[in-house]
Amino acid sequence: MYTALTIAGSDSCGGAGIQADIKTMTANGVYAMSAITALTAQNTTGVTDIMEVTPEFLGKQLDAIFTDIYPDAVKTGMVASVGLIETIAEKLTEYKVKNVVIDPVMVATSGAKLISDDAIETLKTKMLPLATVITPNIPEAEVLSGMDIKTEEDMIRAAEFINEKYSCAVLLKGGHKVNDANDLLYREGGYVWFKGKRIDNPNTHGTGCTLSSAIASNLAKGESLDKAVLYAKNYISGALGAMLDLGKGSGPMNHAFKIDADYREVQ
């Protein structure tokens, strides 16, 4: 069985972070493992508290995983401090990890930065060059490129800049009033658009986590980057289209929308 590792924070309501990653990886047919960077107290209405692990403890988690069940792909999510980012970069290098998907979670939907300037610089210099692909949304791509992104042409220019500066493929996610739901994959000096149709569902908690985990799952199974992105977009469209409605805020998707088994039925 193919294996994948998520390095991210825990979401106590189960819609994003480690929990969404494990659900996504399982639904996409790989064995999921996790190294937790932080515990959060959160639900669909917001985050009330965060407790980070120490860099030393994160390093021990990663050593335990890599020396036993070596992952075929790794996905990283929100990592807010310099020490944790440095630890992840050191371990990815030490264990010569292939198929690294980095979701550079830096900017909230409101536009507020979620990590410090020092942590952003460490992410840029230490982690991005190790990535197979990174999956920024438009505000995050603006931080990484230093450009304003207002049009699809701006998306292409920003993705090209990031690709050339950090030597990794870039899946620049659309939306944010630039386009409907079209994502741009820029790699090896060229690009391809992955067209999507916006689904009228307000429950989008964890979409970024889910997309990057689905890409990692497909890379773990040996798919090309283009196919991994295509399959991941199809999966997230299905999870959103299932129209799960839980919680008082922006609720989670149905990660198990396509899982059919006897154990799902009420006996």
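This tour moves through a predicted model, from its nonpolar cores to selected salt bridges.

**The cores.** Begin by selecting Leu 5, Ile 7, Leu 58, Phe 66, Ile 134 and Leu 172; within the largest nonpolar core, which has 44 residues, these touch the most other members. Next, display helix α6, residues 152–166, which supplies the largest share of this core with 6 residues. Then centre the view on Leu 5. Setting aside neighbours within four places in sequence, its contacts include Met 25, Met 33, Leu 62, Ile 65, Phe 66 and Val 74. A separate core of 26 residues may be shown afterwards by selecting, among others, Leu 211, Ala 220, Val 229 and Tyr 235.

**The salt bridges.** The model holds 9 salt bridges. Select Asp 103 and Lys 173, whose side chains form one of them at 3.9 Å, N to O. Asp 103 lies in the loop between β5 and α4, and Lys 173 in the loop between β7 and β8, 70 residues apart. Both residues are buried.

Move to helix α4 and select Glu 121 and Lys 124, which form a salt bridge at 3.3 Å, N to O. The two are separated by about one helical turn because they stand 3 residues apart in the helix. Glu 121 is partly exposed at 41% relative accessible area, whereas Lys 124, at 12%, counts as buried.

Now select Asp 226 and Arg 187, a salt bridge whose closest N and O atoms are 2.8 Å apart. This pair links helix α8 to strand β8, with the two positions 39 residues apart in numbering. Asp 226 is partly exposed at 27%, and Arg 187 is partly exposed at 22%.

Finish with Asp 63, Lys 91 and Glu 94, which salt bridges with shared partners join into one network.

Notes:
Residues numbered from 1 in each chain as written. Predicted model: local features only at pLDDT ≥ 70, side-chain atom pairs only at ≥ 80, totals over all residues. Heavy atoms only, no water. Core = buried A, V, L, I, M, F, W, Y, C linked by side-chain atoms within 4.5 Å. Buried < 20%, exposed > 50% of the residue type's maximum accessible area, 1.4 Å probe, protein only. Helix = DSSP H or I, 4+ residues; strand = E, 2+ residues; numbered from the N terminus. Contact = heavy atoms within 4.5 Å. Salt bridge = Lys/Arg side-chain N within 4 Å of Asp/Glu carboxyl O.
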